[in-house]
Each structure stands twice: as C-alpha cells, then as structure tokens.
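Student: I've got this model open and I'd like a close look at one strand residue and where it sits. Could you start there and then walk me outward through the rest of the chain?

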Amino acid sequence: MNHTTVYPLLWLSLIAMPVSGDEVCFAYWYPGNFLLLESWFGPCPGYLPSVHYYADGILSIEQGHHRTITATNYHLLDIAPVAPQTAGLVLANHAHLTFVGIDIELFAAHSYDQPAHMNEGIWEIGSDNNLTTIYPGVVPYFWNSGIFRKSGGQGKTIVAARFDDISGRIEVGSGVLEFSYPVYFLQTTVSGAGSVRIAGGGQFQGMNAATANIELAGGVYTSVSYSALAGDFNGQMLWTGGEFSGGNWFGVPGRDDVLTLAVNRPLRIAADSYLANVATARVIADGLVFEGSNGEFYNEGVFSKEGGSGVTQVGDIKFRDRNGSIEAQSGVLEFAHPVELYGTRILGPGQVRIAGGGNFGLINAESTNLELTGGAYTMYSSDGGLAGQVLWSGGQFVGSSYFGATSQPDSVLTLAVGGNLRIAADSYLANLSTTQVLADGLVLEGDGTNGSRGTFYQWGGLFRKAGGDGVTRIGEVTFSDQYGSIEAQSGVLEFTNPVEFYATRIMGPGRVRISGGGYFTMINTASTNLELAGGAYTANPSGGLAGQVLWSGGEFVGANYFGSIGHNDSVLTLASNQTTAISGWLSIEGGLRGQGTISGAEGALYIAQQGELSPGDSIGRIELEGSYYQAGSLIVDIAPDRADQVQVRRTADLAGPLIIRLTDGFNGVFSVGTHTFDLLVAATIQGDFTSTRLPALPTGINARLELLRGSGSTPDRYRLTVVRNPGTPIDDPNNPDDDSDGVADVVDNCPLAANPDQADDDHDGIGNACDSDWFCWACLPDRGGWRAILR
C-alpha cells in the first residue's frame, strides 16, 4: 500500500490524500513535543524526530498484526484528529498494540456517547507509563471490548480517561493499573497478579475479579442492575474509599468472592442507597468501617472480622442481615447503629457487640458471645428472637421479644449486673431457654416512665443465679414464669417487684427471695429455700405454694394454699421473731413451723386435714392476730420448764388432733412438783380436738389436758398439767435411781440413801441422809464463845 507524505513547513499543516488504500499519514509541526500516530505500516516515511502525526478520520489496525511502540523511537505518542473539534472515532484497534516506556495522549471526544478510541484486540502497556489527555481539563473516552493489559512495571499506570469495558478483559500482570476517572464495567473480567485501582468511581454490572486484587479507592460507585460487583475464590476486592450510590451487589451466591473493607478510611454508602453482600465481606484490622448518611449494608453472605484483637466498629450505616452470618474471629466487632438481623448466625471465638439497638428475628449465636450493650431492641413479631450465647450489658427491649427456642435448648442469655438493662413499659422479654446472672448486684430495670415497668416472661425456661455469694436483685420488672425453673446456685436471688409464678420449680442450694409479693400457682421449691420476705402474696386455689419455704415478711391476700396433694412434706417456716400477715386466709396443706407473729385481725389461718401446725424449731410460740381453724394436726413440744404455744387473738375453731411431744433430748423426767403449760390460748375456743396424743412419761409422773374457759378479758386456754410427787421413783434405765427416792443417781446427793428432799444443811454437796458431819455447827448461837469450845 502506498503512502502520501507531507513534510512540515513551519506552522503550516499540509494535507495529502492517499494514492491508494484507506490509510494516510499527516505530519504537523508542533514545537517542543513529539507527537506520532502510527498504523500497521509504521511511521510515515521520512519522519523527523520532531514530526507529529495526526489522523484525519478513522485509523484502523486490523487483526493479525502486532506493533510495539517504544520510547526508543518516540518520546510521546499523541492520538488525535487533525481538527480538534471533530467528534468521532480516531483509532480502532483490532490487533495487538504494545506501548513500552512511553506516555500516550488521547484525544478527548466532545460527545459522551462517541468514544474517540476503541480496542477490540489487545492494548498492552509494558511499563509504568500513563494514558493522558491532549487537552487539559477535557476527559478522553476509551472503549474496550478486547484485552486491556498492563504487562510490565512494578509501579503504577494511570488511565486518565473515562473507560468503558463491555464484556472485555482487564489484565494486570504486575504493579497497579489505576483508573482515575469513572469507569463503566459490564461483564468485565479482571485477572492477573497485579491490582486494579478504581479511584474515580463508576458503574458496574457483573464484574468478575478472577485472580486480581481490585481496589475501590474513590468516587461514586453505582450498579447498572442487580448482581453488580462480582469476584471469585481467588479474587480479592479491597474497598479503601469512595461511596456506593443506588442499589449495589457484591458477590455471586455459591462462589467465594471476598470484599475487604479498609479501616479508618472514608467508606460511604449514600442515603437511600445500599450495598448488598451475597458472598464474603471482611475487615482485617481494628478501627472504624463505614460512614454514610443512613445508607444500608445488606448482608446475605458472611460479614467477618478477621484481624485485630481490639474493636472494629461498624459506623454510620444501617446494617441489615437476612439469613447470613456475622463472624468475629478475634477481638470485638461492634455495630454502633441500629441493625436488622433475621435468620442470622453469629460465629467465631470473638465477640459481636450490638451498641445501637436493632430488630431481631431467629438469631443464633452459635459459638461466640453476642453482646447487647445499648439502644432499643425489638423482634420480628411473628418469628423467634435471639438464641445462642448472648451477653446483655445494656439497652432496652421494646415490644414483644423472645430469647431461645425449643430447637436451641443450649441458648444462654447472661445478664450483666449494674448495667442499664431495661424492658420498656407494656413490653416483655420472654425466655424460652436459660437466662443467668454471674455476680451479685442489680439486674433488670423498668423504663423509668412514671414508675412503669416491663415484664420478663419465662415460658418453660430457666432463670439462674450462677455466681456470687451475696444478693443478686431483680429490679423494676414484673417477673412472670410459667412451667419454668428458678435456680440459685449460690447466695440469694431476690425479686424486689411482684412476681407471677405458675407451675414454677425453685431449685439450687442458694435462696430465692420474694420481697415484692406475687401470685403463685403450683409452685414447688425442689431443693432450696424460697423466702417470702415482703409484699402481698396470692397463692392460687388450684395449687399454690409447695416445697421448703421461709416466711420472713409480707402478707397473704385473698384465698391462699400452701402445700398440696403429692407435696404433703412441704413446710412453710416462720422466720424467728419476724412479723408476717394474713389479710384473707391461708390454708396449710403441708406444715407450718417456726415462731413469730402473724398479723391481720381479719385474716384466718386454716390447717387443712393433711396439714400440720408446729410452733418453734424446738420450743416456740406463734401469735395469730386473726382466727384459727384446725382440721389437721396441732403439734406442740414440751420441755422440763416450757412448751410450744399458739396464741389466737380471735376464735380458734378445733376439729383435728392434738399431738404433744417431748423435745429432742428430753426424757420426760420433770422435777418434783406441778408444771403447767398453756398450749393453745384464744379469745374463744370452739369445738374440740378430735384426739389427743400424749407422750409416754416415766412412772410416777402424771399429765392431764383440760380446757379452761376465760371470762371478760381472760381468754380460753388448753392447759397441760404435769405432776410429780415427792419420792416418786424414776423408771428410766438410762437414768437409774438406786435408792428409789425419785432423784436420779447422777444428780442425787445421797444416791444410796433415800432423801427425796435432797437436804444438805452444811452445803457440802452431801445430803444430810448420808453425811456423817451433817450437824450444822454454824447454825448454833454463839453464846460467850462456847460453840468454839464444844468443837
């Protein structure tokens, strides 16, 4: 093919037409620069070092050719038309162009829709040189559907042009290929050992980082449609700056795409915009990630903290997860703003911390601690809530919330003591698994609004105090349990506000204390002391309380039952010298023991047929200000000088047995004389004991029981009288009385000489009956000192 050549002449540009073919070369003199346009046939013949080559129209390099342009021939390569105002395609490469050691200046098109340079072959840059613009301030337009390659240089090559790629490939064998203006990547494949840096933002659809690192470093990123940014197992995408706008997607389900987020860099998601992750998004250091104006990060894949032993904080965005995973492999991954987690798995040995509240549904913290530290927590109304290993150290539950599930029986919610743990008014948190407290202190508060409080529900779950030897107090919430368990492994677990217990089991070696009253139905204290310490109690007629219960304060209101069929060994013990109250009536189906005052003039204590009333631990008194009804047993203990007593300020209505026992260690040997014990004292005694059982007393000691009617202010009383006459022998093999004087040998001052009166005039410990010098000289009057003479 022939060429027509025109040599430069000063500032004059001459145009020549080709003799044949469709390619021409034009020479133009431009002082101080070296500009060249080259076709497959090489430079225009006769070029000078200062000759500049321009194309008029389209220069097409056809397939099957490869031309390398190096700095040894050309200092600077400009690709532009003769007339700068011309808008249109300047260069179309269908072959293989390689540029080594030379910067390339591109013509800036005047039409956005018309690229000035098109590559459908291979456009290769073999060094750290750049693509720039001929006209400063005007951005060139480069269109690629072939292979755009950086094959040499360990540094950076900058593409200072708007770069569109349609189903092409970008290959970076080494160094960094940086796009400083917006790009448009449609089904683009990125590969190679080097990295691609996008610093000017752009639009993406189906980009695939096959092996290379892609760095998103600045600008605004938008998606053409769904499934926008895509990498694979070998591909790594690094986000160090810039903002996502609109709807954007990272990853392809079923592949191992990875987006790495840089910390302490301006990573933003614009308002009303989102970035959706369906693969893996990770952070590899401590610090802050994400900023934005209420933008949204939507996760259906894995969001992971993979480095740093400190705190990585997810900042000012809305974080939403649906059926994805959040993983903390080390340190703490903290969400400072509200989150929405549904069907989310919390994984890893590190800790995931929710500091800004959120909305939860079907959350499972499988192997890590999920910590709730602040904000308001709500649940998806029709689904389960939280499950797994969760620490609650702050924040407020609002609405209907659930912890645990039947499918997650090992779930444990740990409550931090002294923290700001609240359940809002008219709201509840329901525990279906295990909730525990590990130390002494205050847990759970109301919302502080006019004294209102929320409710902690327990449905078949376990509430446990697992640490601390002191008192753990449940604060301003209503605690309601149905078919669950409350366990105090140590110390005291105290409920300071009213409780509602239905078929609740009280367990553990520690003590559960109710100091705010409550409503009870079928409560069984299996192995611990349940202490009723204050407030008003109502024990439902269908069951009530059972087990081992200490009553140290508070008032039974309405109809109340203690003990039941199958729990007749239940014991309600009055705390020593404490005042309790009954304003309705209390039916004892088990046992009532101890000593103290039960106030309430209108109240009534009813000992049911299978029940028992036994004052004192050994000897004691129960004082009842109200009325007393007995169908069961009254059991009283007697000692040598005292006995149990029941005092009733009003009527005592008797229809059950009286059982009188000797106290432990007492053999029934009373001293000589008459001993009286008022066992039951009441303003009025009606009815009678159906039977009376007296203890076996030694021979010679007699006892009788009689009802003494009072008058005026003197009450009625049942009195036990025990009589032992002088000289009555003791029939007790454990305490022999060899002289049969009624005084056991062990205390008899004359064990072999009968002396029932135990007289010992000289006070020497030997009775007169067996004392040879029993005559009392000191008892004689001393007249003139003769007593001394006689001695």
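Tutor: Sure, let's start with Q548, which has its place in strand β64, residues 545–556. Keep in mind that this is a predicted model. With a relative accessible area of 32%, Q548 is partly exposed, because anything between 20% and 50% falls in that class. Now look for N529, which is 19 residues from Q548 along the chain. The C-alpha atoms of Q548 and N529 are separated by 5.4 Å. As for strands in general, side chains in a regular one alternate between the two faces of the sheet.

Next, move along to a glycine. G603 lies in the loop between β68 (591–599) and β69. At 3% relative accessibility G603 counts as buried, since the limit for that class is under 20%. What does G603 touch, once residues up to four places away in sequence are set aside? Its contacts are I582, S583, G584, G626 and S627. There's also a C-alpha distance you can check: 7.7 Å between G603 and E625, which are 22 residues apart along the chain.

The loop holding G603 leads to β69, so to speak, and that strand is worth following. Strand β69 (residues 604–607) runs parallel to strand β72 (residues 627–630), and four bridges join them. To find the register, put L605 on screen: it stands opposite Y628 in β72. From β72 you can step across again, to strand β74 (residues 645–654). β72 and β74 also pair in the parallel sense, over three bridges. Here Q630 has L654 in β74 as its bridge partner.

Now for the cysteines. A search of the whole structure turns up one disulfide. It is formed by C750 and C770, whose sulfur atoms are 2.0 Å apart. The pair links distant parts of the chain, 20 residues apart, with both C750 and C770 in the loop between β79 (716–724) and α1 (786–790). Which hand does this disulfide have? The torsion about the S-S bond of C750 and C770 is about -85°, so the disulfide is left-handed. The two cysteines also sit in separate accessibility classes: C750 is buried, with a relative accessible area of 0%, whereas C770 counts as partly exposed at 39%.

Aromatic rings come next. The count comes to 46 aromatic pairs. Let's take F99 and W123, which form a tilted pair, 5.1 Å centre to centre and with 35° between the planes. F99 belongs to strand β7 (residues 96–100) and W123 to strand β10 (residues 122–125), so by the strand assignments you'll be looking at two separate elements; the residues are 24 apart and the pair links distant parts of the chain. Both F99 and W123 are buried. W123 pairs with F142 as well: the ring centres are 4.9 Å apart and the planes stand at 90°, so this pair is edge-to-face. That one also links distant parts of the chain, with W123 in β10 and F142 in strand β12 (residues 141–144), 19 residues apart. F142 is buried, like W123.

While you're at the rings, have a look at two arginines. R162 lies over the face of Y141, at 4.7 Å from the ring centre. In the other case, the charged end of R322 sits over the ring of Y342, 4.3 Å from its centre.

Finally, zoom out to the whole chain. The secondary structure comes to one helix and 79 strands. Of the chain's 791 residues, 53% count as buried. If you take the contacts with a separation of 6 or more, residues 24 or more positions apart account for 42% of them.

And how confident is the predictor? The chain averages a pLDDT of 80, and 79% of the residues score at least 70. Over residues 1–60, though, the pLDDT is below 50, and beyond near neighbours in sequence this stretch has 119 contacts in the model. Residues 72–78 also have a pLDDT below 50, with 29 contacts in the model beyond near neighbours in sequence.

Key. Residues are numbered from 1 along each chain as its sequence is written. Side-chain values use heavy atoms; hydrogens and water are left out. A disulfide is a pair of cysteine sulfur atoms within 2.5 Å. Buried means under 20% relative accessible area, exposed over 50%, partly exposed in between (1.4 Å probe, protein chains only). Two strands pair if DSSP finds at least two bridges between them. Rings of Phe, Tyr and Trp (its six-membered ring) pair if their centres lie within 6.5 Å; planes under 30 degrees apart count as stacked, over 60 as edge-to-face and the rest as tilted. A charge sits over a ring if NZ of Lys or CZ of Arg is within 6 Å of the ring centre and within 35 degrees of the ring normal. pLDDT is the predictor's confidence in each residue, from 0 to 100. Contact means heavy atoms within 4.5 Å.
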